[in-house]
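Q: I'm a first-year student and I'd like a close look at a single part of this protein. Please pick one residue, go through its surroundings slowly, and then show me how the rest of the chain fits around the story.

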Amino acid sequence: MSILRRTLYLDALISVIIGAALVAAPRFVLVTLFDQPEPADQAPLRLLGVASFVLALLMVLIGHRITELWWWCWAFVVLEGGAAAVATLHAAFGLPPGAAGWPWWVLGLGSWAFAFAFLWGIARAGFERPPV
């Protein structure tokens, strides 16, 4: 259970930081830090920041009761695996002209790492405490 708990808390920390940055300064994060094209509208980025913050809260809640709720982490496997696939494919084939690729590769690799960490933690938890 410790692998899952640590993975949840680390993912939650990163999600809170990114979410707060997107809510507070979406243009600065996207254009200045990540060298992406100017967004037409910043509201979707702010909504993404709010969603990221809420996901972090859910990760912490599950982490606090991980011995009973470890199997809920399948949702985060789907989240991270989906984000990894989208980011990797976008970095490889979908970058607009003038956009930096490194943020998408970092997001893709980080999401793959979290997806596999969650899978490893779920496998270990399944042996420690199988579902009833």
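A: Let's start with Glu-80 and work outwards to the rest of the chain. One thing to keep in mind is that this is a predicted model.

First, find the residue. Glu-80 sits in helix α5, which covers residues 74–93. Is Glu-80 buried or exposed? Glu-80 is buried, and yet has no salt bridge. To count as a salt bridge, a side-chain nitrogen of Lys or Arg has to be within 4 Å of a carboxyl oxygen of Asp or Glu. For Glu-80, the nearest side chain of opposite charge belongs to Arg-6, and that one is 17 Å away.

So what does Glu-80 touch? Leaving aside residues up to four places away in sequence, the list is Asp-11, Ser-111, Phe-114, Ala-115 and Phe-118.

Pick up Asp-11 from that list, and you land in α1. Asp-11 is buried, along with Leu-4, Thr-7, Leu-8, Ala-12, Ser-15, Gly-19 and Leu-22 of α1. Those buried residues of α1 pack against α2 (26–33), α3 (43–64), α4 (66–69), α5 and α6 (102–128). As for α1 itself, its 23 residues (2–24) should span 33 Å at 1.5 Å a residue, and this agrees with the model because the end C-alpha atoms are 33 Å apart.

Now zoom out. The chain has six helices and zero strands, so to speak an α-α-α-α-α-α run when you read from the N terminus. Its C-alpha atoms fill a box of roughly 50 × 30 × 20 Å along the principal axes. Of its 132 residues, 34% count as buried, and Glu-80 is a buried residue too. If you take contacts between residues at least 6 apart in sequence, 71% of them join residues at least 24 apart. On the outside, about 7800 Å² is exposed, with carbon and sulfur atoms supplying 77% of that area.

Back to charges. The chain carries 7 positive and 7 negative side chains, and the centres of the two sets lie 11 Å apart. Side chains of opposite charge can pair when their charged atoms come close. How many salt bridges are there here? The count comes to two.

One joins Arg-27 to Glu-38, with the closest N and O atoms 3.0 Å apart. This pair links distant parts of the chain: Arg-27 is in helix α2, while Glu-38 is in the loop between α2 and α3, eleven residues apart. Arg-27 counts as partly exposed because its relative accessibility is 37%, and Glu-38 is partly exposed as well, at 46%.

The other bridge is between Glu-68 and Arg-65, where the closest N and O atoms are 2.4 Å apart. Glu-68 has a relative accessible area of 43%, so it is partly exposed. Arg-65, at 47%, is partly exposed too. Set beside these pairs, Glu-80 is buried and has no salt bridge.

While you're looking at that loop between α2 and α3, stop at Asp-35, which is found there. Its phi is near 50°, a positive value in a residue other than glycine. Most residues other than glycine have a negative phi. Asp-35 has 42% relative accessibility, so it counts as partly exposed.

Terms used:
Residues numbered from 1 in each chain as written. Predicted model: local features only at pLDDT ≥ 70, side-chain atom pairs only at ≥ 80, totals over all residues. Heavy atoms only, no water. Helix = DSSP H or I, 4+ residues; strand = E, 2+ residues; numbered from the N terminus. Buried < 20%, exposed > 50% of the residue type's maximum accessible area, 1.4 Å probe, protein only. Lys, Arg positive; Asp, Glu negative; His and termini not counted. Contact = heavy atoms within 4.5 Å. Areas by Shrake-Rupley, 256 points an atom, 1.4 Å probe, with all protein chains shown as cover. Charge placed at Lys NZ, Arg CZ, Asp CG, Glu CD. Expected span 1.5 Å × (residues − 1).
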